[in-house]
Amino acid sequence: MNPNEPHNDQEIIVHDEEVEQLKQGLPKTMFLNKIELEKYQGFWYSFNTNMLKSILMFQRHFQARDTDLIIASFPKTGTTWLKSILYSVVNRFKHPIKQSPLFSNHPHELVCCLEYDIYRDAFEYPRPHHLNELPSPRLFHTHFPYMTLPESIKVSGCRILYITRNPLDTLVSMMYFAMKPIKELVGEDVELPSIEDYFEDFCEGKFINGPFFEHVIEYWKQSLEQPKKVLFLKYEDLKKDPILHLKRVGEFVGMPFTESEEREGVIKEIIEFCSINNLKELEGNKSGVINKIYDKKSYFRKGEVGDWTNHNITPAMVEKMKKLMQEKLEGTGLSFQLLPH
Ligand code: A3P
């Protein structure tokens, strides 16, 4: 199908007037005193683009297949890493590692974000049409909380792989990632937000796609209630025992590693290939941008557990975060590890 064909209104029906009206009624706040956020269905978004329209389009039009595999995550929790792992596990017979498309494509180009890439780009050309033509299993990603997902994801047999990470490393990672867009927004000469600014907003839940804990807890509960539907992974666990967690991924997606694959070192090969040091050196990840603004290489920074200790996070801030974790996670059975094992 020609991607430049005009939209088919039968399939894409979200009118600008409706979006504007909805937007006006949404609660608003400021993130880092610089970026306006709007609250939709209990979570914060930056709707200064066509984001709200793409959310509505995604919610109304996405038709999940039973075979779809969807990575879900809060930003900066290891999405890129899981994308490269999932892609490599699922495609290991079609594309052995030595011929992996990940050599020349960024993980975000191979596992597209439904709300940021597929439905937002639909304003430029109708990519959702192409979704019907993709071979199974289709691999997608979303930063949406569980409650905002389209109904067809919830009721179909498709599976969700959720990744999360300790909150302090998550907010430090966001601070680096947001530098470039914030500079573009406020100008080079204006002082950038400090780690305290990120910390305070994070604790108040005022973060893009936040509140963080509510995002995580929703998926955690679903993973307990529907273990075949939602696989819950933690960045720190993946770091500590990648073999175990790659096997979990293989089993969850219905492509378990065989003993002979294990003997031949297939799992280890995928782990090494998807390591941050390897990925950041690949051609596909060195230059260019994602979503018109984020440098491809900015998705690969340090990739360590406990990097927050290298930043100005005071003992009082750590105490506050620990208290918040206790309060939010009480009774859920979920915990976070702030330092390496
Ligand atoms: P840091 O900023 O702490 O280094 P996301 O992909 O959700 O945007 O998360 C980005 C974080 O994951 C960044 O963390 C990035 O460096 C880290 N990351 C990216 N690729 C990784 C990999 N292959 N292994 C471990 N961490 C990785």
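1. Salt bridges, overall. A salt bridge here is a side-chain nitrogen of Lys or Arg within 4 Å of a carboxyl oxygen of Asp or Glu. Going by that, a search of the whole structure turns up 17 salt bridges. Keep in mind that this is a predicted model, so I'd read the points below as remarks on a prediction. As background, side chains of opposite charge can pair when their charged atoms come close.

2. Arg60 and Glu18. These two side chains form a salt bridge, with 2.4 Å from N to O. The pair links distant parts of the chain: Arg60 belongs to helix α2 (residues 51-61) and Glu18 to helix α1 (residues 16-24), 42 residues apart. Are the two partners buried or exposed? Neither label fits: Arg60 is partly exposed at 41% relative accessible area, and Glu18 is partly exposed too, at 29%.

3. Lys98 and Glu269. Here the side chains meet in a salt bridge at 3.1 Å, N to O. Lys98 sits in the loop between α3 (79-90) and α4 (107-110), while Glu269 is in helix α14 (residues 266-273), so this salt bridge ties together parts that are 171 residues apart in sequence. Lys98 has a relative accessible area of 66%, which makes it exposed. Glu269 comes out as partly exposed, with 29% relative accessibility.

4. Glu283 and Lys286. This one is a local pair: the side chains meet in a salt bridge at 3.7 Å, N to O. Both residues belong to helix α16 (residues 283-286), and because they are three residues apart there, about one helical turn separates them. Glu283 is exposed at 58% relative accessibility, whereas Lys286 is partly exposed at 35%. Elsewhere, salt bridges with shared partners join Lys23, Lys28 and Glu38 into one network.

5. Who surrounds the ligand? Which residues are closest to the ligand? The shell has 18 residues, and the closest are Lys76, Thr79, Thr80, Tyr235 and Gly303. By class, seven of the shell residues are nonpolar, seven are polar and four are charged. As for secondary structure, α3 and α15 (276-279) are the elements that give two or more residues to the shell. The largest share, three residues, comes from α3.

6. Polar contacts and burial of the ligand. Lys76 deserves a look in the viewer: an N or O atom in its side chain is 2.7 Å from an oxygen atom of the ligand. The side chain of Tyr235 also has an N or O atom 2.7 Å away, in this case from a nitrogen atom of the ligand. Ile276 takes part through its backbone, where a polar atom is 3.3 Å from a ligand nitrogen. How much of the ligand does the protein bury? Taken alone, the ligand exposes 570 Å², and the protein buries 97% of that.

7. Cis peptide bonds. Two spots to check in the backbone. The bond joining Ser136 and Pro137 is cis, with omega of about -5°. Pro137 is placed in the loop between α6 (128-131) and β6 (139-142). Another cis peptide bond joins Gly210 and Pro211, with omega of about 10°. Pro211 is in the loop between α9 (195-203) and α10 (212-225).

8. Positive phi at Leu32. Leu32 isn't a glycine, yet its phi is positive, at about 60°. Where does Leu32 lie? Its place is the loop between β1 (28-31) and β2 (35-40). With a relative accessible area of 4%, Leu32 is buried; the cut-off for that label is under 20%.

9. Positive phi at Asn209. Asn209 is likewise a residue other than glycine with a positive phi, near 75°. Asn209 lies in the loop between α9 and α10, and Pro211 is also found in the loop between those helices. At 1% relative accessible area, Asn209 is buried. When going through that loop, I'd look at Asn209 with its positive phi along with the cis bond between Gly210 and Pro211.

Notes. Residues numbered from 1 in each chain as written. Predicted model: local features only at pLDDT ≥ 70, side-chain atom pairs only at ≥ 80, totals over all residues. Heavy atoms only, no water. Helix = DSSP H or I, 4+ residues; strand = E, 2+ residues; numbered from the N terminus. Buried < 20%, exposed > 50% of the residue type's maximum accessible area, 1.4 Å probe, protein only. Near = heavy atom within 4 Å. Polar contact = N/O pair within 3.5 Å; in protein donor to acceptor, adjacent residues only side chain to side chain. Areas by Shrake-Rupley, 256 points an atom, 1.4 Å probe, with all protein chains shown as cover. Nonpolar A, V, L, I, M, F, W, Y, C, P; charged D, E, K, R; others polar.
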